[in-house]
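Reader: Please give me a close look at one part of this model. Keep the cut-offs explicit, since I will want to reproduce the numbers.

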Amino acid sequence: ATSARTRAARYREQGAEWLLVNERQRIEVEVERLTSELDGSFQNITALKQAFSSALESENAAREGFEAGVRNLTGLLDVRKRRSTIEQDLVTAVYKNLSLRLELLALAGELNRGQLASW
């Protein structure tokens with residue numbers, strides 16, 4: 001009877017250890033995924049900022065061309081639409097980045113009301 005209890009206790013302990021190892025591995029994979037997505041997100045934001053800056057310059061040039069009479073209204077509106085699309089993509093990318101950062105903080109157990117208030 002004692003050896004059966006001992007074996008059962010050992011099996012429960014091994015099961016708990018297996019669950020702990022499994023959970024650690026799951027967290028490691030999730031942290032790797034989030035940090036990889038954050039890196040890609042940062043690169044995307046950087047590229048979109050550069051594209052937005054170029055789109056603003058293009059829009060200014062198109063407006064000057066329109067005012068000077070060398071560009072038509074359709075061309076100006078196309079440039080503005082392109083700039084607006086880039087700006088919307090940038091805002092979406094920033095919010096996705098924020099969401100990923102919050103998810104990583106939550107995974108690490110570091111997300112609290114104080115941190116949320118500072119964002």
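Author: In helix α2, the buried residues are Gly75, Leu76, Val79, Arg83, Ile86, Leu90, Ala93, Asn97 and Leu100. Buried means under 20% relative accessible area, exposed means over 50%, and partly exposed lies in between, with a 1.4 Å probe and only protein chains counted. Helices are DSSP runs of H or I with at least four residues, strands are E runs of at least two, and both are numbered from the N terminus. The model is predicted: local features need pLDDT of at least 70, side-chain atom pairs count only at pLDDT 80 or more, and totals for chains, interfaces and linings use all residues. Numbering starts from 1 along each chain as its sequence is written, and side-chain values use heavy atoms, leaving out hydrogens and water.

What do the buried residues of α2 pack against? Their partner is α1. Contact here means heavy atoms within 4.5 Å. The cover is found from the other side too: α2 is part of what covers the buried residues of α1. Those residues of α1 are Leu34, Leu38, Ser41, Ile45, Leu48, Phe52, Ala55, Glu59, Ala62 and Gly65.

Now the lengths. Helix α2 has 36 residues, which at 1.5 Å a residue should span 52 Å; its end C-alpha atoms are 53 Å apart, in agreement. The expected span is 1.5 Å times one less than the number of residues. Helix α1 has 67 residues and an expected span of 99 Å, and its end C-alpha atoms are 97 Å apart, which also agrees. A glycine with positive phi follows each helix. Gly69, just after α1, has a phi of about 90°. Gly109 follows α2, with a positive phi near 75°.

Next, the core. Ile45, Leu48, Phe52, Ala55, Ile86, Leu90 and Ala93 make up the largest nonpolar core, which has seven residues. Both α1 and α2 supply at least two residues each. Helix α1 gives the most, with four. A nonpolar core is a set of buried Ala, Val, Leu, Ile, Met, Phe, Trp, Tyr and Cys residues joined through side-chain atoms within 4.5 Å. Take Ile86 as an example. Leaving aside residues up to four places away in sequence, Ile86 touches Leu48, Ala51, Phe52 and Ala55.

Polar residues also sit among the buried positions. Ser41 belongs to α1, residues 2-68. Its relative accessibility is 7%, so Ser41 counts as buried. With residues up to four places away not counted, Ser41 touches Ala93, Asn97 and Leu100. Asn44 is also in α1. Asn44 has 38% relative accessibility and therefore counts as partly exposed. Its C-alpha atom is 9.2 Å from that of Val94, although 50 residues separate the two along the chain.

Which charged side chain meets Arg83 in a salt bridge? Glu59 does, at 2.6 Å from N to O. Glu59 is in α1 and Arg83 in α2, so the pair ties together parts 24 residues apart in sequence. A salt bridge is a side-chain nitrogen of Lys or Arg within 4 Å of a carboxyl oxygen of Asp or Glu. Arg83 is buried, at 17% relative accessibility. Glu59 is buried as well, at 8%. Glu59 also has a salt bridge with Arg80, at 3.3 Å from N to O. This pair again joins α1 to α2, with Glu59 and Arg80 lying in parts 21 residues apart in sequence. Arg80 is partly exposed, with a relative accessible area of 33%.

The whole structure has seven salt bridges. A network of them links Glu30, Arg33, Glu37 and Glu103. Within it, Glu30 and Arg33 have their closest N and O atoms 2.4 Å apart. These two are three residues apart in α1, which means about one helical turn lies between them. Arg33 is partly exposed, at 30% relative accessible area.

Finally, the start of α2. Leu73 lies in this helix, residues 73-108. Leu73 is partly exposed, at 45% relative accessibility. With Phe66 and Leu77, Leu73 makes a nonpolar surface patch of about 260 Å². Patches take residues with over 30% relative accessible area and no salt bridge, joining like charges within 9 Å and nonpolar side chains (Val, Leu, Ile, Met, Phe, Trp, Tyr) within 5 Å. Accessible areas use the Shrake-Rupley method with a 1.4 Å probe, and for residues only the protein chains shown count as cover.
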